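Me: I would like to go through this structure in questions and answers. Please begin with the terms.

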Amino acid sequence: MFRGNVVSLYTARDAAVPMESQEEVKAVAGKGLEGDRYFKGTGHWSKTPGVSRDVTLIELETIEALQREKNITIVPGAARRNVVTRGVPLNHLVGREFQVGAVRLRGTRLCEPCAYLEGLTQQGVLAGLIHRGGLRAAIVTGGTIRVQDAITE
């Protein structure tokens with residue numbers, strides 16, 4: 001068992017534009033986060049078939065480790081994930097349901113980094129985030145996600 005929390009929330013209106021910090025976002029089952037590029041189908045990978053792109057999460061601990069281990073500093077929004085967490089073992093949630101505030105999510109697969117992300121940030125991000133770039137999740141039950149919401153199994 002774990003109990004973590006939402007540290008910050010981000011959406012981007014379109015592909016390649018900077019992520020915008022949000023205090024809360026509305027999660028819609030089977031669709032994504034209102035106001036985000038993937039909700040609207042305008043994300044970089046929107047036309048690529050694959051497992052759910054409803055919401056992405058990344059551990060703040062990973063972003064801190066990137067700085068400590070690789071001397072690469074990025075602000076949490078630069079990771080291009082929607083939900084930044086603390087105290088949540090995201091890799092262990094593939095195939096499992098979990099709660100983020102009032103919203104129920106199901107981890108669908110790891111959100112591995114790509115050359116596109118590295119191109120938007122800096123060299124070394126790709127290697128530094130392999131196997132710890134976050135989690136893709138489907139929204140099972142919608143609602144509002146807020147900064148500081150608890151995250152539990």
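Reply: Accessible areas come from the Shrake-Rupley method with a 1.4 Å probe, and for residues only the protein chains shown count as cover. This is a predicted model, in which local features need pLDDT of at least 70 and side-chain atom pairs count only at pLDDT 80 or more, while totals for chains, interfaces and linings use all residues. Residues are numbered from 1 along each chain as its sequence is written, and side-chain values use heavy atoms, with hydrogens and water left out.

Me: What share of the area that the chain exposes do carbon and sulfur atoms supply?
Reply: The chain exposes about 7200 Å². The part supplied by carbon and sulfur atoms is 51%.

Me: What radius of gyration does the chain have?
Reply: The radius is taken over C-alpha atoms, and the globule rule is 2.2 Å times the number of residues to the power 0.38. For 153 residues, a compact globule would come out near 15 Å. The chain agrees with this, at 14 Å.

Me: Which element gives the most residues to the largest nonpolar core?
Reply: A nonpolar core is a set of buried Ala, Val, Leu, Ile, Met, Phe, Trp, Tyr and Cys residues joined through side-chain atoms within 4.5 Å; buried means under 20% relative accessible area, exposed over 50%, and partly exposed in between (1.4 Å probe, protein chains only). The largest core has 21 residues, and Leu57, Phe98, Leu105 and Ile145 have the most contacts inside it. Elements giving two or more residues to this core are β1 (3-11), β3 (24-28), β5 (55-59), β7 (97-100), β8 (103-110) and β9 (135-141), where helices (H or I, at least four residues) and strands (E, at least two) are DSSP runs numbered from the N terminus. With three residues, the element that gives the most is β9.

Me: Is threonine 56 buried or exposed?
Reply: Threonine 56 sits in strand β5. Leaving aside neighbours within four places in sequence, its contacts (heavy atoms within 4.5 Å) include Arg80, Val83, Cys111 and Leu135. Its relative accessibility is 8%, so threonine 56 counts as buried.

Me: Which strands stand at the edges of the open sheet β4-β3-β10?
Reply: Two strands pair if DSSP finds at least two bridges between them. The three strands of this sheet are paired antiparallel, and two bridges join β3 to β4. One side of each edge strand is left without a neighbour in the sheet, because each has a single partner strand; the edges are β4 (32-33) and β10 (143-146).

Me: Which elements are among those covering the buried residues of α2?
Reply: Helix α2 spans residues 60-70, and its buried residues are Leu60, Thr62, Ile63, Ala65 and Leu66. The cover includes β1, β5, β6 (83-86) and α4 (125-129).

Me: How many residues apart are aspartate 14 and lysine 40?
Reply: The two form a salt bridge, with the closest N and O atoms 4.0 Å apart; the term means a side-chain nitrogen of Lys or Arg within 4 Å of a carboxyl oxygen of Asp or Glu. Aspartate 14 is in the loop between β1 and β2 (20-22), and lysine 40 is in helix α1 (residues 37-40). Aspartate 14 is partly exposed at 33% relative accessibility, as lysine 40 is at 47%. The pair links distant parts of the chain, 26 residues apart.
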